[in-house]
Amino acid sequence: MTAMHSGAGGDNASDFQHCPVRGRERDNWMPLTRDRIIGHDLERLAFRFTMLNDGEVVHCQISDAAMDELAGMQGTESSARQAQFLSLRETIERIASDLYDEAPRFKGYVVRIFMRHLGR
């Protein structure tokens, strides 16, 4: 009986997988499109920008640490964050779009990119 319980416990992860049909179609699908740059938020240590989903604004941000990791550097000055974002914009927007695709959909949801989201 214990073996049955541990086997069933191992299957729980599959209960939380995303819709498989959508997952298969996602390879070249980017639901979000480019919008505005808001700028560096010194209080949150993140760079903020918006993207559009069918005309609706989606607020996004990437942590300074994640942006530095993508750039292969550390400790970028606040004044240089916009240039850094612009040089990585396509990659950052792709990550934001992928995260949005996997996220719960509700008004006001903010896509937040952290180090753990890189290298996916």
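**Exercise 1. The sheet and its last pairing**

H59 stands opposite V110 in β4. The model is predicted. Start from this residue pair and work outwards: which strand does β4 pair with, and how many bridges join the two?

*Solution.*
- Step 1. Place the strands. β3 covers residues 56-63, and β4 covers 110-113.
- Step 2. Find another partner pair. Q61 has R112 in β4 as its bridge partner.
- Step 3. Take the total. Four bridges join β3 to β4, and the two strands run parallel.
- Step 4. Put the pairing in context. The open sheet has four strands in the order β1-β2-β3-β4, with mixed pairing.
- Step 5. Identify the edges. β1 (33-41) and β4 each pair on one side only, which makes them the edge strands.
- Step 6. Add the twist. On average, neighbouring strands of this sheet are turned by 25 degrees against each other, direction ignored.

**Exercise 2. The two faces of β4**

Sort the side chains of β4 by face: which ones are buried?

*Solution.*
- Step 1. Recall the rule. Side chains in a regular strand alternate between the two faces of the sheet.
- Step 2. Apply it to β4. V111 and I113 point to one face, and both are buried.
- Step 3. Turn to the other face. V110 and R112 point there and are not buried.
- Step 4. Link back to the bridges. V110 stands opposite H59, and R112 is the partner of Q61.

**Exercise 3. Helices α3 and α4**

Describe how α3 packs. Which strands does it touch, and at what angle does it meet α4?

*Solution.*
- Step 1. Start with the sheet. Helix α3 (residues 64-71) packs on the sheet and touches β1, β2 (46-53), β3 and β4. Its direction makes about 75 degrees with that of β3.
- Step 2. Choose the descriptors for a helix pair. These are the angle between the axes and the distance between them.
- Step 3. Read them off. α3 and α4 (residues 81-102) pack at about 85 degrees, with their axes 10 Å apart.
- Step 4. Classify. Angles of 65 to 115 degrees count as roughly perpendicular, so α3 and α4 are roughly perpendicular to each other.
- Step 5. List the contact. From α3 come D64, M67, D68, L70 and A71. They meet R81, Q84, F85, L88, T91, I92 and I95 in α4.
- Step 6. Sort by character. The contact of α3 with α4 has seven nonpolar, two polar and three charged residues.

**Exercise 4. An aromatic cluster**

Which residues do ring pairs link into a cluster? Classify the pairs that F85 makes with F47 and F49.

*Solution.*
- Step 1. Count. There are three aromatic pairs.
- Step 2. Take F47 and F85. Their ring centres are 4.6 Å apart and their planes lie at 20 degrees, so the pair is stacked. F47 is in strand β2 and F85 in helix α4, 38 residues apart.
- Step 3. Take F49 and F85. Here the centres are 5.0 Å apart and the planes lie at 40 degrees, so this pair is tilted. F49 is in β2, and 36 residues separate it from F85 in α4.
- Step 4. Assemble. Ring pairs link F47, F49 and F85 into a cluster.
- Step 5. Check burial. F47 is buried. F49 is buried at 0% relative accessible area, and F85 is buried at 0% too.

**Exercise 5. R89 and P31**

Are R89 and P31 buried or exposed? Which residues do they contact outside their own stretch of sequence?

*Solution.*
- Step 1. Locate R89. It is in helix α4.
- Step 2. Apply the cut-off. Buried means under 20% relative accessible area. R89 has 12%, so R89 is buried.
- Step 3. List its partners. Beyond neighbours within four places in sequence, R89 is in contact with R34, D35, R36 and I37.
- Step 4. Locate P31. It is in the loop between α2 (20-25) and β1. At 14% relative accessibility, P31 counts as buried.
- Step 5. List its partners. Beyond neighbours within four places, P31 is in contact with L52, N53 and S97.
- Step 6. Compare sequence with space. P31 and R94 are 63 residues apart in sequence, yet 9.7 Å apart C-alpha to C-alpha.

**Exercise 6. Positive phi in two loops**

L45 and D54 each have a positive phi. Where do they lie, and how accessible are they?

*Solution.*
- Step 1. Take L45. Its phi is about 55 degrees, although L45 is not a glycine. It lies in the loop between β1 and β2. At 47% relative accessibility, L45 is partly exposed.
- Step 2. Take D54. This residue is not a glycine either, and its phi is about 55 degrees. D54 is in the loop between β2 and β3. With 79% relative accessible area, D54 is exposed.

Conventions: Residues numbered from 1 in each chain as written. Predicted model: local features only at pLDDT ≥ 70, side-chain atom pairs only at ≥ 80, totals over all residues. Heavy atoms only, no water. Pairing = 2+ DSSP bridges. Axes fitted to C-alpha atoms, helices over the stretch in contact; angles between N-to-C directions. Contact = heavy atoms within 4.5 Å. Parallel < 35°, antiparallel > 145°, perpendicular 65-115°, else oblique. Nonpolar A, V, L, I, M, F, W, Y, C, P; charged D, E, K, R; others polar. Phe/Tyr/Trp six-rings, centres within 6.5 Å; stacked < 30°, edge-to-face > 60°. Buried < 20%, exposed > 50% of the residue type's maximum accessible area, 1.4 Å probe, protein only.
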